[in-house]
Amino acid sequence: MDSLKIPLSAITEHGEPFDAAAPVAGLRPEDAAALPMAKVRVAGTVTRVGDQVLVKARLQGDYVHACDRCLEEARIPLDIEVLWCYSESAPQRPEANADGEIEISPDEPDLPRPIVGNDLDLAPAVWEELALATPLKYVCSETCRGLCPRCGANLNQGACGCGVAHDHEDEDRKAFAKLADLIQDTMEKRPTEE
Ligand SMILES: [Zn+2]
Ligand SMILES: [Zn+2]
């Protein structure tokens, strides 16, 4: 099977292999922000277990975004294993709230997802995983030297020769980057206000 929509009639207790590649834009819910990934590959097996359906799959793709330091392309690979459980008797999962966020309580990912209609549509689960795994930072390489603050030259291609003492500035930049990381971490850890 090569689609993210698997007909329920094709799912047996013996396990059915599937291997699908889908454009990520096609999985996006209406009010969600786009993700910087073109295509995702979803491959695994889908198995009927009693009145539930288990999906064990591997998700692979590349987040592609401008490098935070040098603006060249940064490619962050995604390669994760997932296990999803579906049930025809499962309640609907909560809809996105007014801010377009889906409120997921910590234990919710373990609840079975509902099966609607005659197909098992993996698209919503795939989108959720891709959105959750989106990198917070993009660097083309851990050793990326970024841009010269004076002339804007890409320092990965060598010194720019504009006279700025880059070694010294590297230290400053590292200190600032650490500070920025710290601030970002603090912001992320801060509980969201009700
Ligand atoms: Zn870079
Ligand atoms: Zn320069």
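The following is a dialogue about two zinc sites and some surface residues in a predicted model.

Mentor: In this predicted model, local features need pLDDT of at least 70 and side-chain atom pairs count only at pLDDT 80 or more, while totals for chains, interfaces and linings use all residues. Residues are numbered from 1 along each chain as its sequence is written, chains are lettered from A and ligands numbered from 1 in the order in which they are written, and side-chain values use heavy atoms, with hydrogens and water left out.

Trainee: What makes Cys 67, Cys 70, Cys 140 and Cys 144 donors of the zinc ion (ligand 1)?

Mentor: Donors are N, O and S atoms within 2.8 Å of the metal (3.2 Å for Na, K and Ca); water is not among the atoms, so sites may look incomplete. The SG atoms of these four cysteines coordinate the zinc ion (ligand 1) at 2.3 to 2.4 Å, so they meet the cut-off.

Trainee: Why is the arrangement around the zinc ion (ligand 1) called tetrahedral?

Mentor: Four donors count as tetrahedral if all angles lie between 85 and 135 degrees. The angles at the zinc ion (ligand 1) are 104 to 117°, and therefore the arrangement is tetrahedral. The ideal value for four tetrahedral donors is 109.5 degrees.

Trainee: What is the site of the zinc ion (ligand 2) made of, and which angles occur there?

Mentor: Its protein donors are the SG atoms of Cys 148, Cys 151, Cys 160 and Cys 162, at 2.2 to 2.3 Å. The angles among the four donor atoms are 104 to 121°, and this site is tetrahedral. Along the chain the donors are spaced C-x2-C-x8-C-x1-C.

Trainee: How do you know whether Cys 148 is buried or exposed?

Mentor: Buried means under 20% relative accessible area, exposed over 50%, and partly exposed in between (1.4 Å probe, protein chains only). Cys 148 has 3% relative accessibility, so it counts as buried. Cys 162 has 23% and therefore counts as partly exposed.

Trainee: Why is Leu 71 called exposed?

Mentor: Its relative accessible area is 57%, so Leu 71 is exposed. Leu 71 also has a positive phi of about 70° although it is not a glycine.

Trainee: What makes Val 49, Leu 54 and Leu 83 a patch?

Mentor: Patches are made of residues with over 30% relative accessible area and no salt bridge (a side-chain nitrogen of Lys or Arg within 4 Å of a carboxyl oxygen of Asp or Glu). Like charges are joined within 9 Å, nonpolar side chains (Val, Leu, Ile, Met, Phe, Trp, Tyr) within 5 Å. Leu 83, at 59% relative accessibility, counts as exposed. Together the three residues form a nonpolar surface patch with about 260 Å² of accessible area, from the Shrake-Rupley method with a 1.4 Å probe, where only the protein chains shown count as cover for residues.

Note on methods:
Tetrahedral: all angles 85-135°; square planar, octahedral: opposite > 155°, others 65-115°.
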